[in-house]
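This briefing concerns aromatic rings and the contacts they make. Please consult the structure shown below alongside the points that follow.

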Amino acid sequence: MLRERPASAASQTSQTSAVVSERLQELVRMFKERTEKAKEKLIDPDSSDEESVITAPPQPPAAPQGEEEEDEEEGRLGGQCVGGAGSGVSGGKETRWIRACWPIRFPASIDPFTNILYVLWMFLVSAAWNWNVWLIPVRWAFPYQTPQNAPYWLLADYACDLIYILDIAVFQPRLQFVRGGDIVCDKKEMRKNYMKTKRFKFDVASLVPLELLYFKTGINPLLRLPRLLKINSFFEFNERLEAILTKAYIYRVIRTTTYLLYCLHCNACLYHWASSYIGLGATQWVYNGVGNSYIRCYYFAVKTLITIGGLPDPTSLFEIVFQLINYFVGVFAFSIMIGQMRDVVGAATAAQTYYRTCMDNTIKYMTSYRIPKDVQNRVKTWYNYTWQSQGMLDEQELLTQLPDKMRLDIAVDVNYSIVSKVPLFQGCDRQMIFDMLKSLRSVVYLPGDYVCKKGEVGREMYIIKAGEVQVVGGPDERTVFATLRAGSVFGEISLLAVGGVNRRTANVIAHGFANLFILDKKDLNEILVHYPESKKLLRKKARKMLNKGKKPEPKEEAKEPAPVPAASLKSETPRLLRAALEMTERSSGLKGALARVKERSSKSSISLQRSLSASLRPPDPVLSPRPDTSLSASSTTLRSASRSCNPADFPPAQLQLQRGAAGWDESEDEWDEGGRGEGLERR
């Protein structure tokens with residue numbers, strides 16, 4: 001033993017060091033990840049919106065104090081075990097068994113509405129009560145209790161009494177109750193509350209020990225009639241059982257049928273007692289003692305209460321009165337039972353009746369307005385599928401009466417598993433998703449129905465709950481581009497209006513029966529007002545989704561401007577004009593007027609050349625002069641230059657010489673008309 005201890009100590013030390021090193025490595029790794037995320041957030045704040053909130057590295061779980069004490073206790077017990085390895089193992093197993101059984105103890109307080117064990121106990125109490133209710137009349141009226149089997153009957157009676165006592169002493173004083181809106185769990189307060197109720201008085205009265213009179217009167221089952229006062233336990237069991245059953249109407253039908261059978265049971269007992277009082281077989285009306293007494297008397301009770309007829313006529317006054325009471329009780333009891341049965345069945349089929357009424361009214365409306373048969377068939381198919389898949393036409397009708405907190409709890413349990421898996425909402429505020437769940441509407445689409453069409457204004461977003469939808473297009477609207485299944489989202493781009501896109505970008509049809517969640521744009525905007533970070537993240541994701549499907553557009557190469565054809569101008573006229581002016585100047589010496597004409601003509605030619613060169617240049621992207629303006633200006637200048645040469649300023653000889661030399665008048669007129677026409681055409 002002394003040699004083994006150092007080795008075990010060394011192994012424990014090595015294991016401890018290995019665990020510590022693993023913990024340290026994990027902490028270092030998590031701190032590195034946290035540092036990298038913080039660095040990315042500082043460099044690019046927008047990119048960190050999609051990531052989840054950086055959480056602190058979890059600390060290594062410390063061993064609870066209770067576990068340390070249990071380990072020490074186990075060590076002490078193991079040290080006390082003597083006799084080798086086998087005894088140590090058995091001692092450890094025994095200690096674990098004791099610790100496992102220790103938490104199983106009776107609770108200090110019981111919630112009567114949610115505790116299943118309490119429902120099971122009430123079932124046991126109700127069984128004890130039914131033992132007394134059904135068998136006390138039988139033991140009193142029929143000769144089934146004899147001195148030979150009396151001990152067995154008494155044993156069963158006292159077992160039921162023990163159940164009564166345990167219920168009064170242990171269970172009922174531990175029931176929680178509400179006082180002033182608070183749930184009281186104190187033992188003294190719960191016991192005082194139970195003792196103040198009428199139920200406590202009835203429970204105590206049900207245990208009155210009238211059996212002590214057995215010593216004087218013998219075993220008489222009628223002395224146990226006070227046990228029937230514990231009827232409150234039976235009614236409470238019915239309420240608790242109906243609360244946990246999914247189809248409680250089935251139990252209500254069974255219970256109502258049991259009430260009718262019990263009335264027949266009591267009537268059968270009374271008939272056998274009356275037959276025994278008059279004498280078995282004494283008259284034609286009484287039971288003659290042949291065959292099974294209970295079955296024969298029960299048959300008589302059924303015929304009497306249901307008023308089938310065919311009964312023997314009573315002869316004595318006692319028989320007549322008894323039969324009249326039977327008839328009256330049968331009429332009232334049977335009518336009450338039938339009415340109650342009708343109410344139970346009507347309540348059970350209320351939803352189906354509402355469905356049939358809605359469908360019949362819709363069909364009547366379509367028939368009156370002569371709606372086409374194919375549309376009517378689709379409406380009928382929608383009604384049938386919605387009822388078969390959901391069991392109701394509108395799920396929201398059941399939740400309107402509940403407070404918001406309970407509606408949220410139901411919506412989270414039903415729809416959160418689907419919405420949380422949508423990539424668009426991953427990383428958003430959890431409370432924002434909870435608020436969104438309350439605004440979702442469930443809609444069923446038939447095969448081939450258009451969920452949305454291209455070009456429509458987007459006011460809704462769709463989440464596929466069950467089924468499939470297809471994105472179609474092409475010239476015949478039959479080309480399937482994509483198939484979306486449960487958990488997919490579409491319509492979010494137009495709903496969020498990213499990049500100014502507020503219309504549907506594709507056609508979506510239902511492929512088979514599809515159940516979709518619909519979120520209105522108004523509801524989403526009202527929710528996102530309170531969650532700006534989630535709004536920013538949703539818009540960023542939607543923008544990425546919008547840009548992801550676009551192909552990069554090729555850059556257009558810079559094209560050289562097309563050469564502008566030069567305007568065909570009549571250059572002959574200015575040259576002839578200058579030659580004529582020079583000759584006139586030399587012969588006559590008219591330098592003043594002719595010099596001015598020459599100067600104007602030279603200026604007009606220079607301005608014409610400038611305008612043509614400007615029109616041939618490539619246009620400026622910012623400021624591009626209009627070519628027609630320059631041409632019109634040049635034509636105006638030429639016209640002014642030509643018109644400045646007034647024929648009245650020349651002598652007749654010179655004028656004739658000028659006209660004869662070059663035909664100035666005709667050519668100038670032609671040039672003027674050509675310039676005007678070209679300017680008008682460009683404008």
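In this predicted model, the charged end of Lys 453 sits over the ring of Tyr 450, at 4.9 Å from the ring centre. A search of the whole structure also yields 25 aromatic pairs. One of them is formed by Trp 129 and Phe 234, whose planes meet at 25°, under the 30 degrees required, so the pair counts as stacked.

**Charges over rings**
- In addition to the Lys 453 and Tyr 450 contact, the charged end of Lys 230 lies over the ring of Tyr 164, 5.6 Å from its centre.

**The stacked pair**
- The ring centres of Trp 129 and Phe 234 are 4.9 Å apart.
- This pair connects distant parts of the chain, with 105 residues separating its members.
- Trp 129 belongs to helix H4 (residues 116-141), whereas Phe 234 belongs to helix H9 (residues 231-244).
- Both Trp 129 and Phe 234 are buried.

**Phe 234 and its second partner**
- Phe 234 also forms an aromatic pair with Phe 235; this pair is tilted, with 55° between the planes and a centre-to-centre distance of 5.8 Å.
- Phe 234 has a relative accessibility of 11% and therefore counts as buried.
- Phe 235, with a relative accessible area of 38%, is partly exposed.

**An aromatic cluster**
- Ring pairs join Trp 140, Tyr 271, Trp 273, Tyr 277, Trp 285, Phe 300, Phe 318 and Phe 322 into a cluster.

Note on methods: Residues are numbered from 1 along each chain as its sequence is written. This is a predicted model: local features need pLDDT of at least 70, side-chain atom pairs count only at pLDDT 80 or more; totals for chains, interfaces and linings use all residues. Side-chain values use heavy atoms; hydrogens and water are left out. Rings of Phe, Tyr and Trp (its six-membered ring) pair if their centres lie within 6.5 Å; planes under 30 degrees apart count as stacked, over 60 as edge-to-face and the rest as tilted. Helices (H or I, at least four residues) and strands (E, at least two) are DSSP runs, numbered from the N terminus. Buried means under 20% relative accessible area, exposed over 50%, partly exposed in between (1.4 Å probe, protein chains only). A charge sits over a ring if NZ of Lys or CZ of Arg is within 6 Å of the ring centre and within 35 degrees of the ring normal.
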